[in-house]
Amino acid sequence: MKLTKSDFLLYLEAPLHLWADKNSKLERTMSALEINLMDQGYEVEKLAHEYLEKFVVRKSEAEKLLWQESFSDKQYAVRTDALVHKPETDSYDLYEIKSGTKIKPENIFDVAFQFLILKKQIKIDRIFLLHLNRDYVRYSQLDLEHLFLAEDITEKVHDLKMEVDTKRKETLSVSQSEAPDGIEHCYKPQTCPCPELCHPDLPMFSIYDIPRISKKKKAQLLEMGIYEAKNIPDSFPLTPKQCLIVNLAKTNQEHIDHEAIRHEIERLSYPLYFLDYETYNAAIPLFDGYHPQQQMVFQYSLHKMESEDGDIKHTEHLSITKEEPSKSLLEQLSNEFGDLGTVFVWSKGFEMTRNKEMAVIHPEYADFLTALNERIYDLADFIKLAYYLHPDFKGSWSIKNVLPVMVPELSYQNMQIGKGDQAMMAWWEIVSGKMPAEEVEKTKEALLKYCELDTWAMVKIWESLQRKQ
Ligand code: SF4
(Lines give C-alpha, C1' and ligand atoms only; values in the text may rest on other atoms or scores of the structure.)
Protein backbone atom coordinates (compact mmCIF):
# COMPACT_ATOMS: atom_id res chain seq x y z
CA MET A 1 0.00 0.00 0.00
CA LYS A 2 1.35 3.40 -0.97
CA LEU A 3 1.33 6.28 1.48
CA THR A 4 -1.18 8.96 0.49
CA LYS A 5 -1.46 12.64 1.23
CA SER A 6 -4.26 11.86 3.73
CA ASP A 7 -1.88 9.50 5.57
CA PHE A 8 0.74 12.20 5.68
CA LEU A 9 -1.73 14.77 7.00
CA LEU A 10 -2.90 12.32 9.64
CA TYR A 11 0.72 11.83 10.68
CA LEU A 12 1.15 15.60 10.98
CA GLU A 13 -1.97 15.76 13.16
CA ALA A 14 -0.47 13.11 15.48
CA PRO A 15 1.79 10.21 14.46
CA LEU A 16 -0.27 7.96 16.74
CA HIS A 17 -3.40 8.72 14.70
CA LEU A 18 -1.75 7.36 11.58
CA TRP A 19 -0.76 4.16 13.36
CA ALA A 20 -4.28 3.82 14.80
CA ASP A 21 -5.79 4.35 11.36
CA LYS A 22 -3.55 1.75 9.73
CA ASN A 23 -4.47 -0.71 12.47
CA SER A 24 -8.24 -0.04 12.49
CA LYS A 25 -8.13 1.58 15.91
CA LEU A 26 -9.13 5.10 14.96
CA GLU A 27 -12.67 5.78 16.09
CA ARG A 28 -13.75 8.75 14.10
CA THR A 29 -17.18 9.40 12.69
CA MET A 30 -17.93 12.55 10.78
CA SER A 31 -20.35 14.95 12.40
CA ALA A 32 -23.13 16.55 10.36
CA LEU A 33 -21.12 19.78 10.40
CA GLU A 34 -18.01 18.04 9.04
CA ILE A 35 -20.07 16.49 6.25
CA ASN A 36 -21.49 19.91 5.50
CA LEU A 37 -17.98 21.41 5.38
CA MET A 38 -16.93 18.67 2.99
CA ASP A 39 -19.94 19.39 0.75
CA GLN A 40 -19.09 23.08 0.79
CA GLY A 41 -15.53 22.11 -0.15
CA TYR A 42 -16.86 20.27 -3.24
CA GLU A 43 -18.84 23.35 -4.20
CA VAL A 44 -15.71 25.51 -3.90
CA GLU A 45 -13.78 22.97 -5.97
CA LYS A 46 -16.36 23.14 -8.77
CA LEU A 47 -16.17 26.92 -8.87
CA ALA A 48 -12.37 26.81 -8.70
CA HIS A 49 -12.37 24.56 -11.77
CA GLU A 50 -14.45 27.14 -13.62
CA TYR A 51 -12.19 29.94 -12.38
CA LEU A 52 -9.04 28.19 -13.61
CA GLU A 53 -10.55 27.50 -17.02
CA LYS A 54 -11.81 31.07 -17.42
CA PHE A 55 -9.13 33.21 -15.81
CA VAL A 56 -5.90 31.21 -15.57
CA VAL A 57 -5.51 28.83 -18.48
CA ARG A 58 -4.32 30.76 -21.52
CA LYS A 59 -6.08 28.96 -24.33
CA SER A 60 -4.31 31.17 -26.88
CA GLU A 61 -1.01 29.64 -25.71
CA ALA A 62 -2.48 26.13 -26.00
CA GLU A 63 -2.33 25.72 -22.20
CA LYS A 64 -4.38 22.89 -20.77
CA LEU A 65 -5.97 22.17 -17.42
CA LEU A 66 -5.38 18.72 -15.95
CA TRP A 67 -8.00 18.16 -13.29
CA GLN A 68 -7.51 15.78 -10.35
CA GLU A 69 -4.74 13.68 -11.89
CA SER A 70 -3.15 10.87 -9.88
CA PHE A 71 0.62 10.41 -9.52
CA SER A 72 2.74 8.00 -7.57
CA ASP A 73 6.27 6.83 -7.10
CA LYS A 74 7.52 3.72 -5.32
CA GLN A 75 6.05 4.45 -1.90
CA TYR A 76 3.92 7.57 -2.14
CA ALA A 77 0.77 8.48 -4.03
CA VAL A 78 -1.19 11.66 -4.55
CA ARG A 79 -4.07 13.13 -6.48
CA THR A 80 -3.49 16.75 -7.36
CA ASP A 81 -6.31 19.28 -7.54
CA ALA A 82 -5.19 21.01 -10.73
CA LEU A 83 -2.21 21.31 -13.03
CA VAL A 84 -1.87 23.80 -15.84
CA HIS A 85 0.31 22.53 -18.65
CA LYS A 86 2.37 25.19 -20.43
CA PRO A 87 3.50 23.80 -23.79
CA GLU A 88 6.00 26.55 -24.40
CA THR A 89 8.27 25.23 -21.62
CA ASP A 90 6.63 21.84 -21.29
CA SER A 91 6.18 22.63 -17.59
CA TYR A 92 3.26 22.72 -15.19
CA ASP A 93 1.86 25.07 -12.60
CA LEU A 94 0.40 23.23 -9.62
CA TYR A 95 -2.80 24.53 -7.96
CA GLU A 96 -4.01 23.32 -4.58
CA ILE A 97 -7.60 24.40 -3.84
CA LYS A 98 -8.76 25.29 -0.34
CA SER A 99 -12.10 26.61 0.82
CA GLY A 100 -10.58 28.77 3.56
CA THR A 101 -9.71 32.43 3.18
CA LYS A 102 -6.02 32.24 4.07
CA ILE A 103 -3.02 29.95 3.89
CA LYS A 104 -2.50 27.71 6.89
CA PRO A 105 0.97 26.33 7.74
CA GLU A 106 -0.22 22.74 7.16
CA ASN A 107 -1.26 23.70 3.60
CA ILE A 108 2.40 24.19 2.68
CA PHE A 109 3.28 20.75 4.09
CA ASP A 110 0.40 19.27 2.10
CA VAL A 111 1.59 20.84 -1.17
CA ALA A 112 5.26 20.03 -0.51
CA PHE A 113 4.24 16.35 -0.12
CA GLN A 114 2.66 16.53 -3.60
CA PHE A 115 5.62 18.38 -5.09
CA LEU A 116 8.13 15.71 -4.00
CA ILE A 117 6.17 13.08 -5.95
CA LEU A 118 5.44 15.24 -8.99
CA LYS A 119 8.94 16.61 -9.48
CA LYS A 120 10.26 13.16 -10.40
CA GLN A 121 7.81 12.88 -13.25
CA ILE A 122 6.99 16.31 -14.59
CA LYS A 123 8.58 19.72 -14.55
CA ILE A 124 6.83 21.93 -12.00
CA ASP A 125 7.22 25.66 -12.55
CA ARG A 126 5.10 27.66 -10.10
CA ILE A 127 2.99 26.40 -7.21
CA PHE A 128 -0.21 28.16 -6.12
CA LEU A 129 -2.68 27.90 -3.31
CA LEU A 130 -6.07 28.85 -4.69
CA HIS A 131 -8.31 29.94 -1.84
CA LEU A 132 -11.38 32.10 -1.28
CA ASN A 133 -10.76 35.82 -1.19
CA ARG A 134 -11.81 37.18 2.19
CA ASP A 135 -12.12 40.72 0.77
CA TYR A 136 -14.62 39.68 -1.85
CA VAL A 137 -18.18 40.87 -1.17
CA ARG A 138 -21.09 39.33 -2.98
CA TYR A 139 -23.49 41.55 -4.87
CA SER A 140 -26.11 39.80 -6.95
CA GLN A 141 -24.44 37.10 -9.12
CA LEU A 142 -21.16 35.56 -7.99
CA ASP A 143 -18.20 37.38 -9.46
CA LEU A 144 -15.94 34.39 -10.01
CA GLU A 145 -12.94 36.46 -11.04
CA HIS A 146 -12.78 38.09 -7.60
CA LEU A 147 -14.06 35.19 -5.50
CA PHE A 148 -10.67 33.46 -5.53
CA LEU A 149 -7.08 34.40 -4.81
CA ALA A 150 -4.18 32.42 -6.24
CA GLU A 151 -1.20 32.89 -3.94
CA ASP A 152 2.19 31.87 -5.22
CA ILE A 153 3.70 29.56 -2.59
CA THR A 154 6.55 28.19 -4.73
CA GLU A 155 9.33 29.49 -2.50
CA LYS A 156 7.60 28.37 0.68
CA VAL A 157 7.22 24.86 -0.73
CA HIS A 158 10.87 24.74 -1.77
CA ASP A 159 11.93 25.92 1.67
CA LEU A 160 10.03 23.06 3.26
CA LYS A 161 10.73 20.19 0.92
CA MET A 162 13.71 18.74 2.85
CA GLU A 163 11.72 18.71 6.06
CA VAL A 164 8.74 17.13 4.32
CA ASP A 165 10.98 14.50 2.79
CA THR A 166 12.20 13.56 6.27
CA LYS A 167 8.68 13.61 7.66
CA ARG A 168 7.24 11.44 4.92
CA LYS A 169 9.92 8.82 5.65
CA GLU A 170 8.90 8.93 9.32
CA THR A 171 5.27 8.62 8.19
CA LEU A 172 6.15 5.51 6.27
CA SER A 173 7.98 4.04 9.21
CA VAL A 174 5.06 4.73 11.60
CA SER A 175 2.56 3.23 9.16
CA GLN A 176 4.64 0.03 9.05
CA SER A 177 5.23 -0.25 12.82
CA GLU A 178 4.02 -3.44 14.42
CA ALA A 179 3.07 -1.79 17.73
CA PRO A 180 2.21 1.75 18.87
CA ASP A 181 4.90 1.86 21.58
CA GLY A 182 6.88 5.05 21.48
CA ILE A 183 4.87 6.60 18.65
CA GLU A 184 4.30 10.27 19.41
CA HIS A 185 0.87 11.44 20.48
CA CYS A 186 -0.37 15.01 20.60
CA TYR A 187 -0.85 17.05 23.74
CA LYS A 188 -4.42 18.18 23.30
CA PRO A 189 -6.87 15.48 24.31
CA GLN A 190 -10.22 17.02 23.40
CA THR A 191 -12.10 14.88 20.95
CA CYS A 192 -9.71 11.96 21.07
CA PRO A 193 -10.16 9.36 18.34
CA CYS A 194 -7.99 6.69 20.03
CA PRO A 195 -7.95 7.37 23.81
CA GLU A 196 -7.43 3.70 24.65
CA LEU A 197 -4.11 3.70 22.82
CA CYS A 198 -3.03 7.11 23.96
CA HIS A 199 -4.11 7.64 27.55
CA PRO A 200 -6.38 4.85 28.79
CA ASP A 201 -6.25 6.10 32.39
CA LEU A 202 -6.48 9.83 31.88
CA PRO A 203 -7.52 11.33 35.25
CA MET A 204 -10.52 13.65 35.56
CA PHE A 205 -8.31 16.70 36.12
CA SER A 206 -5.20 16.05 34.09
CA ILE A 207 -2.16 18.14 33.20
CA TYR A 208 -3.82 18.73 29.80
CA ASP A 209 -6.56 20.73 31.55
CA ILE A 210 -4.17 23.45 32.73
CA PRO A 211 -4.87 26.50 30.56
CA ARG A 212 -2.16 27.60 28.13
CA ILE A 213 0.45 25.18 29.42
CA SER A 214 3.08 24.67 26.74
CA LYS A 215 3.69 21.43 24.89
CA LYS A 216 7.23 21.40 26.29
CA LYS A 217 5.99 21.56 29.86
CA LYS A 218 3.38 18.87 29.24
CA ALA A 219 6.12 16.65 27.81
CA GLN A 220 8.33 17.34 30.85
CA LEU A 221 5.53 16.40 33.23
CA LEU A 222 4.78 13.20 31.32
CA GLU A 223 8.46 12.30 31.48
CA MET A 224 8.29 12.78 35.24
CA GLY A 225 5.38 10.32 35.23
CA ILE A 226 2.87 13.04 36.20
CA TYR A 227 -0.60 12.88 34.63
CA GLU A 228 -2.77 14.36 37.35
CA ALA A 229 -2.77 18.13 37.83
CA LYS A 230 -2.80 17.67 41.61
CA ASN A 231 0.52 15.79 41.48
CA ILE A 232 2.47 18.64 39.93
CA PRO A 233 5.20 19.64 42.41
CA ASP A 234 5.06 23.20 43.79
CA SER A 235 8.53 23.80 42.38
CA PHE A 236 7.44 23.15 38.76
CA PRO A 237 7.49 26.47 36.85
CA LEU A 238 3.97 27.66 35.99
CA THR A 239 2.33 31.06 35.50
CA PRO A 240 0.40 32.51 38.48
CA LYS A 241 -2.93 31.62 36.78
CA GLN A 242 -1.76 28.06 36.12
CA CYS A 243 -0.60 27.77 39.75
CA LEU A 244 -4.05 28.84 40.87
CA ILE A 245 -5.68 26.14 38.73
CA VAL A 246 -3.26 23.48 39.98
CA ASN A 247 -3.97 24.54 43.57
CA LEU A 248 -7.69 24.04 42.95
CA ALA A 249 -6.90 20.49 41.84
CA LYS A 250 -4.77 19.94 44.96
CA THR A 251 -7.17 21.41 47.51
CA ASN A 252 -10.39 20.51 45.68
CA GLN A 253 -11.77 23.83 46.90
CA GLU A 254 -13.28 26.72 44.98
CA HIS A 255 -11.48 30.04 44.66
CA ILE A 256 -13.50 33.21 45.21
CA ASP A 257 -12.07 36.68 44.87
CA HIS A 258 -14.91 38.41 46.75
CA GLU A 259 -13.52 41.87 46.28
CA ALA A 260 -13.02 41.54 42.53
CA ILE A 261 -16.54 40.15 42.12
CA ARG A 262 -18.00 43.00 44.18
CA HIS A 263 -15.99 45.56 42.25
CA GLU A 264 -17.16 44.22 38.87
CA ILE A 265 -20.79 43.97 39.99
CA GLU A 266 -20.71 47.63 41.07
CA ARG A 267 -19.60 48.64 37.56
CA LEU A 268 -22.68 47.11 35.93
CA SER A 269 -26.01 48.82 35.56
CA TYR A 270 -29.65 47.73 35.35
CA PRO A 271 -31.56 46.72 33.37
CA LEU A 272 -29.32 43.76 32.67
CA TYR A 273 -29.56 42.07 29.30
CA PHE A 274 -28.34 38.56 28.49
CA LEU A 275 -27.83 38.08 24.77
CA ASP A 276 -26.79 35.18 22.57
CA TYR A 277 -26.62 34.65 18.79
CA GLU A 278 -26.64 31.53 16.67
CA THR A 279 -24.94 31.65 13.30
CA TYR A 280 -24.17 29.72 10.13
CA ASN A 281 -21.17 30.34 7.89
CA ALA A 282 -21.21 29.60 4.19
CA ALA A 283 -17.95 29.22 2.28
CA ILE A 284 -19.58 30.80 -0.79
CA PRO A 285 -21.62 33.81 0.34
CA LEU A 286 -25.32 33.18 -0.04
CA PHE A 287 -26.50 36.78 0.20
CA ASP A 288 -25.49 40.25 -0.89
CA GLY A 289 -23.03 42.03 1.37
CA TYR A 290 -21.35 38.86 2.66
CA HIS A 291 -17.73 37.73 2.36
CA PRO A 292 -16.73 34.10 1.86
CA GLN A 293 -16.89 32.15 5.13
CA GLN A 294 -18.68 34.99 6.92
CA GLN A 295 -21.02 34.08 9.78
CA MET A 296 -24.71 34.86 9.24
CA VAL A 297 -26.69 35.57 12.40
CA PHE A 298 -30.02 33.75 12.15
CA GLN A 299 -31.21 33.63 15.76
CA TYR A 300 -31.04 35.42 19.07
CA SER A 301 -32.28 34.89 22.58
CA LEU A 302 -32.49 37.76 25.04
CA HIS A 303 -33.33 37.82 28.73
CA LYS A 304 -33.88 41.20 30.33
CA MET A 305 -33.70 41.76 34.11
CA GLU A 306 -35.21 45.12 35.06
CA SER A 307 -33.84 45.28 38.60
CA GLU A 308 -32.19 43.09 41.20
CA ASP A 309 -35.46 41.56 42.31
CA GLY A 310 -37.51 42.48 39.27
CA ASP A 311 -39.13 40.36 36.62
CA ILE A 312 -37.15 38.68 33.93
CA LYS A 313 -38.54 38.97 30.43
CA HIS A 314 -37.55 36.74 27.53
CA THR A 315 -37.67 37.52 23.80
CA GLU A 316 -36.28 35.64 20.85
CA HIS A 317 -36.13 35.55 17.09
CA LEU A 318 -35.43 32.78 14.61
CA SER A 319 -35.16 33.71 10.92
CA ILE A 320 -36.16 30.78 8.78
CA THR A 321 -36.82 32.11 5.32
CA LYS A 322 -35.06 32.25 1.99
CA GLU A 323 -34.15 35.87 2.77
CA GLU A 324 -30.96 37.17 4.36
CA PRO A 325 -31.59 36.26 8.03
CA SER A 326 -30.11 39.14 10.01
CA LYS A 327 -32.40 41.84 8.61
CA SER A 328 -35.60 40.62 10.27
CA LEU A 329 -33.57 39.73 13.36
CA LEU A 330 -32.26 43.29 13.67
CA GLU A 331 -35.71 44.77 13.09
CA GLN A 332 -36.84 43.00 16.23
CA LEU A 333 -33.65 43.17 18.30
CA SER A 334 -33.28 46.93 17.89
CA ASN A 335 -36.65 47.40 19.60
CA GLU A 336 -35.70 45.35 22.64
CA PHE A 337 -33.10 47.66 24.15
CA GLY A 338 -33.47 50.88 26.07
CA ASP A 339 -30.64 53.40 26.29
CA LEU A 340 -29.29 52.08 29.58
CA GLY A 341 -28.10 48.81 31.02
CA THR A 342 -25.31 46.29 30.73
CA VAL A 343 -25.49 43.67 28.00
CA PHE A 344 -24.03 40.33 29.02
CA VAL A 345 -22.74 37.84 26.51
CA TRP A 346 -20.55 34.79 27.02
CA SER A 347 -17.19 35.34 25.29
CA LYS A 348 -17.70 38.78 23.82
CA GLY A 349 -15.42 38.51 20.79
CA PHE A 350 -18.01 36.45 18.95
CA GLU A 351 -21.09 38.66 19.48
CA MET A 352 -19.17 41.92 19.07
CA THR A 353 -17.66 40.82 15.78
CA ARG A 354 -21.08 39.74 14.52
CA ASN A 355 -22.45 43.16 15.51
CA LYS A 356 -19.70 44.94 13.60
CA GLU A 357 -20.31 42.76 10.54
CA MET A 358 -24.08 43.28 10.66
CA ALA A 359 -23.52 47.03 10.92
CA VAL A 360 -21.74 46.90 7.56
CA ILE A 361 -24.41 44.79 5.88
CA HIS A 362 -27.29 46.82 7.38
CA PRO A 363 -25.93 50.37 7.86
CA GLU A 364 -29.39 51.54 8.99
CA TYR A 365 -28.64 49.62 12.24
CA ALA A 366 -25.00 50.69 12.54
CA ASP A 367 -25.65 53.23 15.32
CA PHE A 368 -27.69 50.72 17.30
CA LEU A 369 -25.07 47.98 16.91
CA THR A 370 -22.15 50.28 17.76
CA ALA A 371 -23.93 51.47 20.91
CA LEU A 372 -24.77 47.85 21.77
CA ASN A 373 -21.10 46.86 21.56
CA GLU A 374 -20.15 49.69 23.92
CA ARG A 375 -22.46 48.18 26.55
CA ILE A 376 -21.33 44.57 26.20
CA TYR A 377 -19.76 42.87 29.21
CA ASP A 378 -18.27 39.41 28.97
CA LEU A 379 -19.78 37.30 31.75
CA ALA A 380 -17.13 34.64 31.08
CA ASP A 381 -14.54 37.18 32.33
CA PHE A 382 -15.51 36.32 35.91
CA ILE A 383 -14.06 32.87 35.21
CA LYS A 384 -11.36 33.83 32.69
CA LEU A 385 -9.94 36.46 35.03
CA ALA A 386 -10.11 34.01 37.94
CA TYR A 387 -12.58 35.97 40.09
CA TYR A 388 -14.40 32.70 40.63
CA LEU A 389 -12.95 29.26 39.94
CA HIS A 390 -14.11 25.80 40.86
CA PRO A 391 -12.02 22.61 40.59
CA ASP A 392 -14.82 21.00 38.59
CA PHE A 393 -14.43 23.62 35.82
CA LYS A 394 -11.20 21.70 35.18
CA GLY A 395 -9.42 24.77 33.90
CA SER A 396 -12.13 25.59 31.36
CA TRP A 397 -14.33 28.67 31.07
CA SER A 398 -16.69 27.17 28.50
CA ILE A 399 -20.30 27.68 29.56
CA LYS A 400 -20.83 23.95 28.92
CA ASN A 401 -18.34 23.23 31.75
CA VAL A 402 -19.23 26.12 34.05
CA LEU A 403 -23.02 25.72 34.03
CA PRO A 404 -23.33 22.21 35.52
CA VAL A 405 -21.07 23.26 38.40
CA MET A 406 -22.62 26.63 39.20
CA VAL A 407 -26.22 25.78 38.32
CA PRO A 408 -26.53 21.99 38.55
CA GLU A 409 -30.27 22.04 37.89
CA LEU A 410 -29.65 23.30 34.33
CA SER A 411 -28.09 21.14 31.67
CA TYR A 412 -27.53 20.85 27.93
CA GLN A 413 -27.68 17.07 28.22
CA ASN A 414 -30.52 15.25 26.50
CA MET A 415 -31.57 18.24 24.42
CA GLN A 416 -32.43 17.58 20.80
CA ILE A 417 -30.06 20.45 20.01
CA GLY A 418 -27.43 20.93 22.71
CA LYS A 419 -24.43 22.38 20.85
CA GLY A 420 -23.70 25.30 18.55
CA ASP A 421 -22.74 23.11 15.58
CA GLN A 422 -26.01 21.18 15.90
CA ALA A 423 -27.93 24.47 15.86
CA MET A 424 -26.00 25.54 12.80
CA MET A 425 -26.82 22.37 10.92
CA ALA A 426 -30.46 22.30 12.01
CA TRP A 427 -30.97 25.82 10.66
CA TRP A 428 -29.21 25.00 7.40
CA GLU A 429 -31.19 21.82 6.84
CA ILE A 430 -34.45 23.71 7.33
CA VAL A 431 -33.65 26.69 5.08
CA SER A 432 -32.05 24.58 2.36
CA GLY A 433 -35.17 22.41 2.24
CA LYS A 434 -33.21 19.25 3.11
CA MET A 435 -35.17 18.56 6.27
CA PRO A 436 -38.37 16.50 5.90
CA ALA A 437 -41.38 18.81 6.38
CA GLU A 438 -42.71 16.81 9.33
CA GLU A 439 -39.51 17.48 11.30
CA VAL A 440 -39.36 21.23 10.76
CA GLU A 441 -41.65 22.44 13.55
CA LYS A 442 -40.07 20.20 16.16
CA THR A 443 -36.59 21.33 15.09
CA LYS A 444 -37.55 25.02 15.25
CA GLU A 445 -38.72 24.46 18.82
CA ALA A 446 -35.46 22.69 19.65
CA LEU A 447 -33.49 25.62 18.20
CA LEU A 448 -35.45 28.11 20.28
CA LYS A 449 -35.01 26.01 23.44
CA TYR A 450 -31.27 25.70 22.89
CA CYS A 451 -30.65 29.42 22.41
CA GLU A 452 -32.97 30.27 25.30
CA LEU A 453 -30.97 27.99 27.57
CA ASP A 454 -27.78 29.82 26.57
CA THR A 455 -29.13 33.12 27.91
CA TRP A 456 -31.05 31.62 30.84
CA ALA A 457 -27.82 29.87 31.85
CA MET A 458 -26.14 33.31 31.93
CA VAL A 459 -28.95 34.69 34.12
CA LYS A 460 -28.51 31.87 36.61
CA ILE A 461 -24.70 32.08 36.58
CA TRP A 462 -25.01 35.81 37.20
CA GLU A 463 -27.34 35.21 40.16
CA SER A 464 -24.89 32.67 41.53
CA LEU A 465 -21.99 35.14 41.17
CA GLN A 466 -23.94 37.80 43.03
CA ARG A 467 -24.24 35.48 46.00
CA LYS A 468 -20.45 35.17 46.07
CA GLN A 469 -19.71 38.90 46.60
S1 SF4 B 1 -4.26 13.07 23.04
FE2 SF4 B 1 -6.16 12.45 21.97
S3 SF4 B 1 -6.09 13.61 20.06
FE4 SF4 B 1 -4.00 13.58 20.90
S5 SF4 B 1 -2.99 11.79 20.03
FE6 SF4 B 1 -3.88 11.14 21.95
S7 SF4 B 1 -5.90 10.34 21.36
FE8 SF4 B 1 -5.18 11.59 19.70
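This briefing covers the overall build, the domains, the nonpolar cores and three single residues of one protein. The model is predicted. The protein has 469 residues, of which 49% count as buried. Its secondary structure consists of 17 helices and 14 strands.

**Overall build**

- Along the principal axes, the C-alpha atoms fill a box of roughly 80 × 60 × 40 Å.
- The exposed area of the protein is about 23900 Å², and 48% of that area comes from carbon and sulfur atoms.
- Among contacts in the protein with a separation of 6 or more, 68% are made by residues 24 or more positions apart.
- The protein carries 57 positive and 77 negative charges, and the mean positions of these two sets are 5 Å apart.

**Domains**

- The domain assignment gives domain 1 (5-176), domain 2 (210-251) and domain 3 (261-466).
- Between the C-alpha centres of domain 2 and domain 3 there are 34 Å.
- These two domains touch: 5 residues of domain 2 are in contact with 6 residues of domain 3.

**Nonpolar cores**

- In soluble globular proteins, nonpolar side chains tend to be buried together.
- The largest nonpolar core here has 73 residues. The residues with the most contacts inside this core are Ile232, Trp346, Leu379, Phe382, Met406, Ile461 and Trp462.
- Helix 17 (residues 437-466) gives the largest share of this core, 11 residues.
- This core lies between domain 2 (210-251) and domain 3 (261-466), because both of them give residues to it.
- Another core, of 26 residues, lies apart from the largest one; Leu3, Tyr76, Phe109 and Val111 are among its residues.
- Ile232, one of the residues with the most contacts inside the largest core, touches Ile207, Ile210, Leu221, Ile226, Leu238, Val246 and Lys250, not counting residues up to four places away in sequence.

**Leu372**

- Leu372 is part of helix 13 (residues 366-375).
- The relative accessible area of Leu372 is 1%, which is under 20%, so this residue is buried.
- Leaving aside neighbours within four places in sequence, Leu372 is in contact with Leu275, Tyr277, Phe337, Val343 and Asn355.
- Leu372 and Asp7 are 365 residues apart in sequence, and their C-alpha atoms are 48 Å apart in space.

**Asn36**

- Asn36 sits in helix 3 (residues 32-56).
- With a relative accessible area of 6%, Asn36 is also buried, because that value is under the 20% cut-off.
- Beyond its neighbours within four places in sequence, Asn36 is in contact with Tyr280, Met425 and Trp428.

**Lys2**

- Lys2 is found in the segment before helix 1 (5-13).
- Lys2 has 37% relative accessibility and therefore counts as partly exposed, the class between buried (under 20%) and exposed (over 50%).
- Not counting residues up to four places away in sequence, Lys2 touches Asp7, Ser72, Asp73, Lys74, Gln75, Tyr76 and Ala77. Tyr76 in this list is also one of the residues of the 26-residue core.
- In sequence, Lys2 and Leu172 are 170 residues apart, while in space their C-alpha atoms are 8.9 Å apart.

Technical notes. Residues numbered from 1 in each chain as written. Predicted model: local features only at pLDDT ≥ 70, side-chain atom pairs only at ≥ 80, totals over all residues. Heavy atoms only, no water. Helix = DSSP H or I, 4+ residues; strand = E, 2+ residues; numbered from the N terminus. Buried < 20%, exposed > 50% of the residue type's maximum accessible area, 1.4 Å probe, protein only. Contact = heavy atoms within 4.5 Å. Areas by Shrake-Rupley, 256 points an atom, 1.4 Å probe, with all protein chains shown as cover. Lys, Arg positive; Asp, Glu negative; His and termini not counted. Charge placed at Lys NZ, Arg CZ, Asp CG, Glu CD. Core = buried A, V, L, I, M, F, W, Y, C linked by side-chain atoms within 4.5 Å. Domains from an automatic or database assignment.
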